[in-house]
Amino acid sequence: MKNTVTLVATDLDGTFLNSQKEVSDLNRKAISALKHQGILFGIASGRPVETVHAMLEQWKIADSVSFIMGMNGGVIYDIRRRTKEEYHLLDGEIILDIIHFYQDMDVIFHVLVGDIRYTSKSTPETRAHAKLFGETEIEIDLESFLKDRTVNKLIIYCDPEYMPKVLERSKKFKREDCVGFNTANNLFEYCDPAINKGYGIQKLCKHFGVNLENCVAFGDEANDIQMLEKVGMGVCMKNGSDGAQAAANVVSEYTNDESALGRFLFEHVLETE
């Protein structure tokens, strides 16, 4: 790379984690090497920072991570200073308007507050999904819960086979004070228009006093595009979406299941003797 790398950020699902939601040995070794060479490393995820933070020990990477960007850029957490910043929360009335627009469909609505997932309907499938992401699920009346409350985002959960119908319906929802996007084959999310991982990476650079051109970012999906575009080197997984691949400077010849992140870091970023 032309520029000296000072910060590396990575998406989790489909990028840093493999299909079993685990960190490969090669990825773990690569980020440990980043720390030893004085390069900041952190997670840039749609998940809450609280659940990611809780999983670091389980993934055996706690000592290598300096920061967490959560909620697709809406929350920044400095692990060493233990400081948390939140940006551009959505008003509960906006969330309820979105829910009303989709309420005749076969979907379930989630709102995250820390590591608690408040949901319109709890099922064995949604509870298993929450557990997978380190969240505790609570079924609640969202109408009353969201009154006079602000939150980071709304998540629409559905069966993957039903997602095309959700995507088609989303085209008809038009508001300037929120934006919707697909984040997984069973998840569609809404947040404030200002919030994306590109916004989050800018906030991280300001926080740590580093330049965007000295950053490397890894991603695979639509919610990673702005981050991949902002940094000096954006890297997309081989398994990434067409949009993410088009936004990246480099498309890896490897997938997340083949430790694409670790391979790239050892080949292009880390100094070797």
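Select helix α3, residues 49–59, in this predicted model. Helix α3 lies across β2 (40–44), β3 (67–70), β4 (75–78) and β5, and the helix runs at about 140 degrees to β3. Next, select helix α11, residues 260–269, which packs on the sheet and touches β1 (7–10), β14 (215–219), β15 and β16. The direction of α11 makes about 155 degrees with that of β14.

Now display the strands themselves. Eight of them form an open sheet with mixed pairing, in the order β5-β4-β3-β2-β1-β14-β15-β16. The edges are β5 (83–86) and β16 (250–251); each has a single partner strand, so one side of each is left without a neighbour in the sheet. At the β16 edge, select β15 (residues 233–236), which runs parallel to β16 and is joined to β16 by two bridges. V235 has V250 in β16 as its bridge partner.

Turn then to the largest pocket, with a volume of about 530 Å³. It is lined by 31 residues, of which D13, F133, T183, A184 and L187 are the closest to its centre. Colour domain 1 (7–87 + 195–269) and domain 2 (90–191) separately: each contributes at least three residues to this lining. The elements that each supply at least two lining residues are α1 (12–16), β7 (108–113), α5 (124–132), β12 (179–184) and β13 (187–191). By class, the lining comprises seven nonpolar, 14 polar and 10 charged residues.

Finally, select D106, V107, I108, K121, T123, E125, Y157, C158, D159 and Y162, which line the second largest pocket. This pocket holds about 220 Å³ of space, and its lining has five nonpolar, one polar and four charged residues.

How values were computed. Residues numbered from 1 in each chain as written. Predicted model: local features only at pLDDT ≥ 70, side-chain atom pairs only at ≥ 80, totals over all residues. Heavy atoms only, no water. 1 Å grid on protein atoms, 1.4 Å probe; cavity = no way out; pocket = protein on both sides within 12 Å on 5 of 7 lines; lining within 4 Å. Points joined across faces, edges and corners; volume = space filled by probe spheres on them. Helix = DSSP H or I, 4+ residues; strand = E, 2+ residues; numbered from the N terminus. Nonpolar A, V, L, I, M, F, W, Y, C, P; charged D, E, K, R; others polar. Domains from an automatic or database assignment. Pairing = 2+ DSSP bridges. Contact = heavy atoms within 4.5 Å. Axes fitted to C-alpha atoms, helices over the stretch in contact; angles between N-to-C directions.
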